[in-house]
Amino acid sequence: MESVESKYREALRRGRPEHGPYDEFSLRHPKMQLGQRAKIFSPFDALAGFSEAIDDKLVRYVEKRELTEEEQAQLNLVLTELHERTQRRRAATEAPVAASVTYYVPCPDEHHEAYGLRGSYETLRGTVRKVDPVLTRSLQIADTRIDFADIAAIRIEPSTEEE
C-alpha cells in the first residue's frame, strides 16, 4: 500500500501538466479569461447581513437628556421664527429656510439591550418644509418629521443664494 506522502511526492516530481493548444483537454477546457477567473477568488459572505448586525450592536446609545429652561426658551424662539417664515406656502417656496436640527432617535433595534430605553442623537440639515406647533407639534425637514419633544438643538442656517 502506497503512503499519502509518496503520492504527493510523485505529483510534485511530475510537475505541472502541459497541454497543446489543440489537444483534447484544451478543447474541452478552454483557458478562462482573467476577469472571469478573478470571480472565483472573490470573498463570499456565508452569513449575509451578519457583519452589519454586529456593527449595529457596537452603536453607543445614550439616555435622552432633558433641556434646561434656558435651552427650551431658545428652542421655542427659533421654532416660532421658523413657523412664521414657513406658515404661508408661497413665502416658504419663494424664500426657503435652511436649518440644522439635532434630535433624539430611539434605538430602532428591538434585539438590542437599549431598545425602548436609550437612543442616539442625529443632526439633520435641510430645507424646513413645515412647522406645526398645534396639531402634530413637529417640524418637517425634507421628508423627515421630527417631534418638538425630540429636538435638542436647532439653528437657522444662513441662506446661500445661487446665481
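Of the 163 residues in this protein, 21% count as buried. The model is a predicted one. The accessible surface comes to about 13800 Å². Carbon and sulfur atoms hold 52% of that surface.

The overall dimensions come next. The radius of gyration is 31 Å, whereas a compact globule of 163 residues would have one near 15 Å. Along the principal axes, the C-alpha atoms fill a box of roughly 90 × 45 × 25 Å. The charges number 24 positive and 30 negative. Their mean positions are 7 Å apart.

Now the order of elements. The protein has 6 helices and 5 strands. From the N terminus on, the six α elements come before the five β elements. Contacts can be sorted by sequence distance. Take those between residues at least 6 apart in sequence: 54% of them join residues at least 24 apart.

Start at the helical end. Helix H1 covers residues 4-14. Of its 11 residues, the number buried is 0, so H1 lies largely in the open. Just after H1 comes Gly15, with a positive phi of about 80°.

Further along is helix H4, residues 50-57, which holds Ile54. Is Ile54 buried or partly exposed? Its relative accessibility is 39%, so Ile54 counts as partly exposed. Ile54 and Arg65 are 11 residues apart in sequence. In space, their C-alpha atoms are 27 Å apart.

The loop between H4 and helix H5 (69-86) contains Glu66. Glu66 is exposed, because its relative accessible area is 70% and the cut-off for exposed is over 50%. Along the chain, Glu66 and Ala149 are 83 residues apart. Their C-alpha atoms are nevertheless separated by 9.6 Å.

Turn to the strands. Strand E1 spans residues 98-106 and includes Ser100. With 15% relative accessibility, Ser100 counts as buried, because the limit is under 20%. What does Ser100 touch, leaving aside its neighbours within four places in sequence? One group of contacts is Thr123, Leu124 and Arg125. Another is Ala153, Ile154, Arg155 and Glu157.

Strand E2 takes in residues 119-132, and Asp132 lies in it. Asp132 has a relative accessible area of 12%, so this residue is buried. Residues up to four places away in sequence aside, Asp132 touches Arg137, Ser138 and Phe148. The side chain of Asp132 also makes a polar contact of 3.2 Å with the side chain of Thr136. A further distance ties Asp132 to an earlier part of the chain. Arg88 is 44 residues from Asp132 in sequence, and the two are 12 Å apart in space, C-alpha to C-alpha.

Between E2 and E3 runs a loop that holds Arg137. At 47% relative accessibility, Arg137 counts as partly exposed. Its backbone deserves a look. Most residues other than glycine have a negative phi. Arg137 has a positive phi, near 45°.

Strand E3 follows, at residues 138-141, with Ser138 in it. Is Ser138 buried or exposed? Its relative accessibility is 5%, so Ser138 counts as buried. Thr136 appears here again. A polar contact of 2.7 Å joins the side chains of Ser138 and Thr136. Thr136 therefore has side-chain polar contacts with both Asp132 and Ser138, since the pairs lie within the 3.5 Å limit. Ser138 touches further residues too, not counting those up to four places away in sequence. They are Lys130, Val131 and Asp132 on one side of the sequence, and Arg145, Ile146, Asp147 and Phe148 on the other. Asp132 and Ser138 both list Phe148 among their contacts.

The next loop lies between E3 and strand E4 (144-147), and Ala142 sits in it. Ala142 is not a glycine, yet its phi is positive, about 55°. At 36% relative accessibility, Ala142 counts as partly exposed.

Put the pieces of the strand region together. Ser100, Asp132 and Ser138 are buried strand residues, by their relative accessibilities of 15%, 12% and 5%. Arg137 and Ala142 belong to loops. Both count as partly exposed.

Terms used:
Residues numbered from 1 in each chain as written. Heavy atoms only, no water. Helix = DSSP H or I, 4+ residues; strand = E, 2+ residues; numbered from the N terminus. Rg over C-alpha atoms; globule rule 2.2 N^0.38 Å. Buried < 20%, exposed > 50% of the residue type's maximum accessible area, 1.4 Å probe, protein only. Contact = heavy atoms within 4.5 Å. Areas by Shrake-Rupley, 256 points an atom, 1.4 Å probe, with all protein chains shown as cover. Lys, Arg positive; Asp, Glu negative; His and termini not counted. Charge placed at Lys NZ, Arg CZ, Asp CG, Glu CD. Polar contact = N/O pair within 3.5 Å; in protein donor to acceptor, adjacent residues only side chain to side chain.
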